[in-house]
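The following explanation is intended to be read alongside the sequence and the three-dimensional view. It proceeds from overall composition to individual elements.

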Amino acid sequence: MISGALLCGLKATASLLSFGQWGTVPEASDTIAAHPGSVMYMKKLISLVLLLLLGFSHADVILEDQHAVTHKIYINNLADYGDYAFFLVITDPSGDALVVQVDSFEFPDWYKFSSATLYAVKKSDLGPMKSSINDMLVPYNYEDLQKANASIVNGTPSRIRTLPNDSTVTGIETHYKLKLENSTFTLEKVNETVGPLPDPDNGGIPYSYLLIPIIGLAILAAYLLLKRR
Amino acid sequence: MLALFLTILLEFFPVFFLLAKERSGAFVLFSVSIVNMITNPIANYLYPAQNFFLIETGVLLAESLLFTLLFGVSLKHSTLLSIAANLPTILLSLILLSL
């Protein structure tokens with residue numbers, strides 16, 4: 001899949017390059033409005049993107065008799081186990097594993113066709129994984145996780161993504177509690193709340209991820225306004 | 001923040017190379033920074049939960065439109081700029097993921 005996508009990307013690049021005339025100085029006429037051919041080009045571009053997206057389209061289709069559900073999962077007492085680091089191993093359908101550290105109250109999400117398993121590692125056993133914790137540019141490595149004597153946390157939560165249309169539930173919140181017995185962690189469900197709507201305080205993109213794009217958009221808008229004047 | 005700075009750095013060079021005759025380095029750096037301030041945090045937020053290629057396709061499209069606005073070039077030029085800018089970061093991500 002990766003090589004196929006790369007091949008598509010390279011073909012698209014070659015196709016775009018074949019339009020030629022790269023490197024000319026842009027003039028006022030070199031804009032979308034001044035190019036009658038740009039509309040045709042836009043159509044071609046959208047068609048190309050739609051074709052590329054066809055490969056993923058099956059992934060986001062909800063069956064006719066189902067509706068989407070927002071399911072938030074929380075581990076209430078994660079902070080109680082400061083001596084341990086927790087990692088979620090997300091394995092995609094092709095078998096590739098992505099390791100994500102679980103360091104907040106809310107449990108991370110994963111792609112719906114992937115599977116997820118939670119691991120616990122004693123911080124003193126982290127070894128090479130320490131550099132990944134300290135430096136976000138160093139990705140976590142599944143082999144390092146195995147070398148660090150990671151143990152599987154029993155009862156990794158499963159996520160509900162759709163429900164039949166005869167159910168009115170659109171939001172679920174499940175709270176879990178970590179329990180350590182004989183060096184083995186287990187996740188126990190504490191309570192589950194279902195409702196028609198997800199909690200607005202916990203929904204949407206976290207503030208920290210929105211602030212920089214908002215600043216960027218503000219600078220862009222200011223620049224475009226100044227340019228127009 | 002570090003991921004954002006690295007992405008800006010990686011995207012600056014191909015865009016500057018392609019626009020060296022037309023735009024100053026400072027303006028290219030400004031534009032690439034603005035574009036990545038808009039796309040990079042959202043892509044990073046979506047990354048664990050969504051398909052990598054779906055996110056990258058969205059980033060390519062968004063950056064094409066933003067480059068058109070900033071550089072005043074046609075869409076085909078901005079698409080090429082966007083692909084050239086993002087190809088190194090996509091490849092680097094794939095290499096890091098495969099390690």
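The paragraphs below treat chain A first and then turn to a helix of chain B.

The model is predicted. In chain A, the secondary structure amounts to five helices and nine strands. Followed along the sequence, these elements appear in the pattern α-α-β-β-β-β-β-α-α-β-β-β-β-α. Chain A has 229 residues, of which 14% count as buried. When contacts in chain A are restricted to residues at least 6 apart in sequence, 69% of them join residues at least 24 apart.

Within chain A, three strands form an open sheet in the order S2-S8-S9, and the pairing is mixed. The edges of this sheet are strand S2 (70–75) and strand S9 (184–195) of chain A, each of which pairs on one side only. Direction ignored, neighbouring strands of the sheet are turned by 20° against each other on average.

Strands of a sheet pair through backbone hydrogen bonds, in either the parallel or the antiparallel sense. In which sense do S2(A) and S8(A) pair? Strand S8 of chain A, residues 171–181, pairs with S2(A) in the parallel sense, over six bridges. In this pairing, Lys72(A) stands opposite Glu173(A) of S8(A).

In chain B, helix H2 comprises 22 residues, 25–46. Because a helix is expected to advance 1.5 Å a residue, H2 of chain B should span 32 Å; its end C-alpha atoms are 31 Å apart, which agrees. H2(B) nevertheless contains a kink of about 35°, centred on Asn36(B).

Key:
Residues are numbered from 1 along each chain as its sequence is written. Chains are lettered from A and ligands numbered from 1 in the order in which they are written. This is a predicted model: local features need pLDDT of at least 70, side-chain atom pairs count only at pLDDT 80 or more; totals for chains, interfaces and linings use all residues. Two strands pair if DSSP finds at least two bridges between them. Helices (H or I, at least four residues) and strands (E, at least two) are DSSP runs, numbered from the N terminus. Axes are lines fitted to C-alpha atoms, for helices over the stretch in contact, and angles run from 0 to 180 degrees between N-to-C directions. The expected span of a helix is 1.5 Å times one less than its number of residues. The bend at a residue is the angle between axes fitted to the seven residues ending there and the seven starting there. A residue is buried if 20 or more other C-beta atoms lie within 10 Å of its own, exposed if 12 or fewer, and partly exposed in between; C-beta atoms are placed from the backbone. Two residues are in contact if their C-beta atoms, placed from the backbone, lie within 7 Å.
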